[in-house]
Structures are given as structure tokens and as C-alpha cells.
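The following exercises are to be worked with the sequence and the coordinates at hand. Each task is followed by a solution in steps.

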Amino acid sequence: MNNLILIPMLLALIIPIYEAWKDESIWQTMLAFASISSKTAIIALVVSVLRDDWMIGVVAAIILSVGNAGLMLLAQIIKRMRETS
């Protein structure tokens with residue numbers, strides 16, 4: 001039963017991985033990586049509930065709240081570096 005929940009989630013994770021691989025735009029790539037980060041954090045939350053292990057859930061909550069902010073900051077820095085050169 002647990003695998004039936006995780007298999008579609010893992011299949012949905014393949015979509016942004018493919019998008020990051022094929023696209024040349026830095027914004028599309030960063031958006032794909034942010035999507036991957038969010039999806040893996042949600043998968044970690046589901047796994048933590050299924051295993052009744054709240055330590056994994058705490059880490060996933062931190063990734064959800066802080067992880068994408070750092071990724072968007074990196075995208076802004078790369079954009080500014082391209083504008084100056």
C-alpha cells in the first residue's frame with residue numbers, strides 16, 4: 001500500500017528533471033530545480049508520516065521553508081552576473 005502512494009510521486013519527479021535537462025534558459029532551469037526540491041520535500045514528509053519518524057518530517061519542513069529561497073537568490077545572482085558582463 002505504501003509503495004502505491006510513492007510510485008506516482010516519484011514519477012511526477014521525473015517531469016522537472018527532464019525540463020531542467022532540455023532547457024537552456026537559466027530561469028527555467030532554476031524553476032525546475034525548485035520544483036524538484038519541493039517535490040522531494042513532500043515525498044520526505046509522506047515517508048516520515050508512513051514510517052512515523054518525525055525527524056525526517058522536520059528536515060522536510062525546513063527544506064520546504066528555506067530551500068527554495070536560497071535557490072531563487074542564486075538565480076538572481078546569476079542573472080546580475082550575466083547583465084554586468
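## Exercise 1. The interior face of helix 2

Task: In this predicted model, list the buried residues of helix 2.

Solution. The criterion for burial is a relative accessible area under 20%. The residues of helix 2 that count as buried are Ile26, Thr29, Met30, Ala32, Ala34, Ile36, Ser37, Ala41, Ile43 and Ser48. Two of these can be checked individually. Ala34 has a relative accessibility of 9%, so it counts as buried. For Ser48 the relative accessible area is 0%, and Ser48 is therefore buried. A contrasting case is Val47, also located in helix 2: its relative accessible area is 22%, which means that it is partly exposed.

## Exercise 2. The length of helix 2

Task: Determine what span helix 2 should have at 1.5 Å a residue, and compare it with the separation of its end C-alpha atoms.

Solution.
1. Helix 2 covers residues 26-51, which are 26 residues.
2. The expected span is 1.5 Å times one less than the number of residues, and for helix 2 this gives 38 Å.
3. The end C-alpha atoms of helix 2 are 37 Å apart, so the model agrees with the expectation.

## Exercise 3. Overall form of the chain

Task: Describe the secondary structure of the protein chain, and state how its radius of gyration compares with that of a compact globule of 85 residues.

Solution.
1. The chain contains three helices and zero strands, and its pattern along the sequence is α-α-α.
2. A compact globule of 85 residues would have a radius of gyration near 12 Å, whereas the protein chain has 15 Å.
3. The C-alpha trace spans about 50 × 25 × 10 Å along its principal axes.
4. Buried residues account for 24% of the 85 residues.
5. The accessible surface is about 6100 Å², and carbon and sulfur atoms contribute 71% of it.
6. Of the contacts between residues at least 6 apart in sequence, 58% join residues at least 24 apart.

## Exercise 4. The largest nonpolar core

Task: Identify which residues form the largest nonpolar core, and which element supplies the largest share of it.

Solution.
1. The core consists of five residues, namely Leu6, Met9, Leu13, Ile36 and Ile43.
2. Helix 1 (2-22) and helix 2 are the elements that give two or more residues to this core.
3. Helix 1 supplies the largest share, with three residues.
4. One core member, Ile36, can be followed further: apart from neighbours within four places in sequence, Ile36 is in contact with Leu13, Pro16 and Ile17.

## Exercise 5. From helix 2 into helix 3

Task: Locate Asp52, state the sign of its phi, and decide whether it is buried or exposed.

Solution.
1. Asp52 lies in the loop between helix 2 and helix 3, just after helix 2.
2. Its phi is near 55°, a positive value in a residue other than glycine.
3. The relative accessible area of Asp52 is 58%; the cut-off for exposed is over 50%, and Asp52 is therefore exposed.
4. Contacts also link the two sides of this loop. Setting aside neighbours within four places in sequence, Ser48 of helix 2 is in contact with Asp53, Ile56 and Gly57.
5. Gly57 appears again in a C-alpha separation: Val47 and Gly57 are ten residues apart along the chain, and their C-alpha atoms are separated by 8.2 Å.

## Exercise 6. Pairs distant in sequence, and the end of helix 3

Task: Give the C-alpha separations of Ala34 and Ala69 and of Gln76 and Trp27, and then characterise Thr84.

Solution.
1. Ala34, a residue of helix 2, is 35 residues from Ala69 in sequence and 9.0 Å from it in space, C-alpha to C-alpha.
2. Gln76, a residue of helix 3, is 49 residues from Trp27 in sequence, with a C-alpha to C-alpha distance of 9.3 Å.
3. The relative accessibility of Gln76 is 36%, so Gln76 counts as partly exposed.
4. Thr84 belongs to helix 3 (residues 54-84). Its relative accessibility is 69%, and Thr84 therefore counts as exposed.
5. A polar atom of the Thr84 side chain lies 3.0 Å from the backbone oxygen of Met81.

Technical notes: Residues numbered from 1 in each chain as written. Predicted model: local features only at pLDDT ≥ 70, side-chain atom pairs only at ≥ 80, totals over all residues. Heavy atoms only, no water. Buried < 20%, exposed > 50% of the residue type's maximum accessible area, 1.4 Å probe, protein only. Core = buried A, V, L, I, M, F, W, Y, C linked by side-chain atoms within 4.5 Å. Contact = heavy atoms within 4.5 Å. Rg over C-alpha atoms; globule rule 2.2 N^0.38 Å. Areas by Shrake-Rupley, 256 points an atom, 1.4 Å probe, with all protein chains shown as cover. Polar contact = N/O pair within 3.5 Å; in protein donor to acceptor, adjacent residues only side chain to side chain.
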